[in-house]
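This report walks through the backbone, the packing and the charged pairs of one protein chain. The sequence and the structure come first, and the description follows.

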Amino acid sequence: MAADDRDACTAAAGEEDVSGCAVDSSSTEGETITGPEEEIRDSENVGSGTSSDLECAVDRPSDPYPSDRANFPVDISDSDVKRSIIKQGPCKYEGPYPRDARGRCFSKEYYNRVSKKGTQISRKWLCYSPKMDRVYCQCCWLFGDRTSVGHNLAWTTGINDWQGLSRKIREHEHARCHLSACVVYDTWQQNVTIDERISSDFKSEVSFWSDVLKRIADVTLTLASCNSAFRAHHEKLGEINNGNFLAHIELLARYDPVLEKLIRSKSKIKYLSPKIQNEMISIMAQTVLDEIVKEIHEAEFYSVILDTTQDISKVDQLSQVLRYVTIPKDDNDVPSDVQIHESFMGFHSVHDQSAHGLEKIILELLEMKGISVNKCRGQGYDGAATMSGVYSGLQKRISDREPNAMYVHCASHNLNLVLNDACQNVAKVRAYYDTVEKLYDFFSASIKRWEILEVQFKVAGQPTLKRLCPTRWASRNDAVRALRFRYPGVMKALTKISLLSKKPKERAEATGLKASMENFEFVFQTVIQASQYLSSASDSLASLRGEYDSLKEAAQDLAKLRGISPVFPEKRNRRTKTYFDELCEDERLTNAEENFKVSVFYATLDIVVAQVGRRFESMREVARRFGFLRPEELISKSDDPVI
């Protein structure tokens with residue numbers, strides 16, 4: 001039966017009410033329905049007093065309903081009183097309920113509502129005051145916004161008009177101001193204030209974004225450490241080829257709930273834009289740089305290594321590297337190791353390539369990092385006059401500021417320059433390397449020709465032909481060694497191509513290269529250049545001059561494998577015209593082998609000896625200054641008698 005139907009049925013005197021209470025006409029005589037003004041005035045008079053009195057009223061054990069609104073004023077500003085009321089729970093008086101003049105009364109069935117599926121749902125907010133015989137909303141009474149447009153004051157002071165109560169309850173529990181008050185009530189009931197809830201939500205949000213940034217930082221650090229590109233053509237999540245950065249984020253999101261939540265979020269803020277990526281890289285780079293600068297400050301001395309190169313936009317970039325030593329200590333503050341570091345400090349654009357301009361930018365970079373030039377003990381540059389000039393070069397200018405900052409040319413580069421000079425200043429050696437480069441270009445230019453070459457290499461693991469590199473002697477050494485061990489196979493491949501190829505140009509190139517390689521001088525130079533002595537020429541220069549005969553025998557053995565005559569080709573030598581008053585005749589060597597021995601073999605070694613003596617002078621100066629630190633010197637000094 002509907003609630004309105006029940007209200008109509010209770011009008012019959014002597015009938016039993018749905019709530020179970022009998023009709024008593026005497027109890028309803030003279031009872032009137034008070035208006036809102038009288039209700040507010042009566043409620044304010046009831047239970048008025050101080051906060052302490054109100055708390056005592058709530059905590060009084062003799063009162064079966066201490067949270068009854070009749071014990072308190074309409075407006076309560078004391079938070080402790082509100083907490084006490086919430087702690088006691090809502091006032092749920094279960095009858096019997098007095099009837100009004102029309103025979104109607106409240107029913108405890110209003111405390112619950114029935115869903116469409118027949119489930120009873122408790123109305124926790126609905127309360128009945130047995131002292132006032134009124135129903136009220138405890139949530140709106142304690143936390144309702146009185147200034148809200150939809151606020152109904154009757155549900156705060158109490159309602160005793162039972163006609164249409166079901167409709168009034170339905171309208172109130174769907175009102176926006178009532179729902180807001182219920183949210184606040186539930187928050188207080190969980191012993192959490194609004195500030196605490198906001199603080200909790202704020203902390204949760206901060207924790208989430210902190211976790212997001214940690215993961216973004218890890219991805220950034222991983223890509224930067226691997227020198228991988230971050231971005232691609234499409235900077236959008238979910239698209240193909242969107243770059244390594246977003247691809248890593250999407251991959252991790254499959255297994256990480258934090259990144260999964262970030263990607264699924266509809267918010268535009270995700271911290272995944274290129275601007276954020278660049279900012280993260282800059283922050284990490286600055287952190288690493290600060291740590292390096294800190295170590296340099298703690299070190300006693302350092303050396304500077306510089307070089308310049310053009311980038312793709314043709315801007316000259318200066319790379320700065322500082323070399324220094326750190327001494328870690330154990331838990332007892334005792335030095336445990338000596339570690340040498342070479343730390344890259346970054347690229348810097350150079351617009352003035354003169355020695356003065358380079359000096360200015362280097363000093364500015366050191367000053368920006370707070371590094372004193374007086375702690376510099378070494379300079380490492382290339383051999384360009386601007387850098388290594390002894391009168392006005394960069395190394396001289398730095399040495400004038402700090403005399404102990406010794407200049408040392410890069411040892412590996414220096415040795416490479418020595419050997420390059422030896423090759424470029426001897427015509428036959430230069431022609432030899434041109435032939436080696438042509439061989440590689442001829443075979444590598446065609447996949448078919450390269451396959452023919454590889455078929456001739458029956459022994460697996462042996463080196464194949466390699467390209468020459470003008471700035472790296474190690475590359476030249478690898479190329480010559482490959483030709484030394486693959487000489488017969490290369491000759492067979494050239495022979496096959498020169499005979500079977502259908503392309504005239506290809507046959508001509510193969511025939512010309514084959515003719516160059518069938519020369520005994522070429523075979524001899526292959527053996528010389530590939531010998532272990534020349535690859536470490538600075539260590540065995542003196543002994544190499546006496547190794548001519550053994551190198552000749554190795555070249556003869558290699559020539560016999562291909563049927564090449566192991567003799568030097570004789571050529572007609574030009575003679576200089578002599579005049580009647582000249583005393584000396586033309587003393588040119590007429591023997592081909594002697595000519596090769598003097599003009600190629602000895603000439604190459606002499607150039608190497610001279611260049612090593614000139615180019616490694618700075619290194620010998622370092623050895624002279626610090627030679628006393630060698631163990632044998634320390635032992636000899638300790639053996640000297642004490643005077």
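Lys314 is found in the loop between strand 5 (302-310) and strand 6 (316-326), and in this predicted model Lys314 has a positive phi of about 65° although it is not a glycine. With a relative accessibility of 63%, Lys314 counts as exposed, because the cut-off for that class is over 50%. A positive phi of about 55° is also found at Asn227, again not a glycine, and Asn227 is placed in the loop between helix 10 (194-225) and helix 11 (244-253). Asn227 counts as exposed too, at 72% relative accessibility. Most residues other than glycine have a negative phi, and most peptide bonds are trans. The peptide bond from Gly95 to Pro96 is cis, with omega near 5°, and Pro96 lies in the loop between helix 5 (79-88) and strand 1 (112-114).

The wider setting of these loops is a protein chain with 29 helices and nine strands. Of the 643 residues in the protein chain, 39% are buried, while the accessible surface of the chain comes to about 38200 Å², with 53% of it belonging to carbon and sulfur atoms. Among the contacts in the chain with a separation of 6 or more, 64% are between residues 24 or more positions apart.

Turning to the interior, the largest nonpolar core has 41 residues, and those with the most contacts inside it are Leu439, Phe443, Leu483, Tyr487, Val490, Leu494 and Met517. At least two residues of this core come from each of several helices, including helix 18 (427-444), helix 20 (473-485), helix 21 (487-500), helix 22 (504-517) and helix 27 (592-615). Helix 18 gives the most to this core, with eight residues. Once neighbours within four places in sequence are left aside, Leu494 is in contact with Leu439, Phe442, Phe443, Ala510, Leu513, Lys514 and Met517. Apart from this core lies another, of 33 residues, among them Cys127, Leu142, Tyr185 and Trp188.

How are the buried residues of helix 11 arranged when seen down the axis of the helix? Phe245, Leu246, Ile249 and Ala253 are buried in helix 11, and the buried residues of this helix fall within an arc of 90° when viewed along its axis, so they line one face of the helix. An α-helix has 3.6 residues a turn, so residues three or four places apart point the same way.

Nonpolar side chains are also found on the surface, where Val325, Ile327, Val338 and Ile340 form a patch with about 370 Å² of accessible area together. Within this patch, Val338 is placed in the loop between strand 6 and strand 7 (339-349), and Val338 counts as exposed at 54% relative accessibility.

As for charged pairs, a search of the whole structure finds 15 salt bridges, and the table gives some of these with their N to O distances.

| Salt bridge | N to O distance |
|---|---|
| Arg215 and Asp256 | 2.7 Å |
| Glu359 and Arg397 | 3.4 Å |
| Asp400 and Lys396 | 2.9 Å |

The salt bridge between Arg215 and Asp256 links distant parts of the chain, with Arg215 in helix 10, Asp256 in the loop between helix 11 and helix 12 (257-264), and their positions 41 residues apart. Arg215 is partly exposed, with a relative accessible area of 24%, whereas Asp256 counts as buried at 16% relative accessibility.

The salt bridge between Glu359 and Arg397 likewise links distant parts of the chain, since Glu359 is in helix 14 (residues 355-368) and Arg397 is in helix 16 (residues 394-401), 38 residues apart. Glu359 counts as buried at 8% relative accessibility, and Arg397 counts as partly exposed at 25%. This pair belongs to a network of salt bridges in which Glu359, Arg397 and Arg401 are linked.

In helix 16, Asp400 and Lys396 are four residues apart, so they are separated by about one helical turn, and Asp400 forms a salt bridge with Lys396. Asp400 counts as exposed at 52% relative accessibility, and Lys396 counts as partly exposed at 27%.

Note on methods
Residues numbered from 1 in each chain as written. Predicted model: local features only at pLDDT ≥ 70, side-chain atom pairs only at ≥ 80, totals over all residues. Heavy atoms only, no water. Buried < 20%, exposed > 50% of the residue type's maximum accessible area, 1.4 Å probe, protein only. Core = buried A, V, L, I, M, F, W, Y, C linked by side-chain atoms within 4.5 Å. Contact = heavy atoms within 4.5 Å. Arc of directions from axis to C-beta. Patch = residues over 30% accessible without salt bridge, like charges linked within 9 Å, V, L, I, M, F, W, Y side chains within 5 Å. Areas by Shrake-Rupley, 256 points an atom, 1.4 Å probe, with all protein chains shown as cover. Salt bridge = Lys/Arg side-chain N within 4 Å of Asp/Glu carboxyl O.
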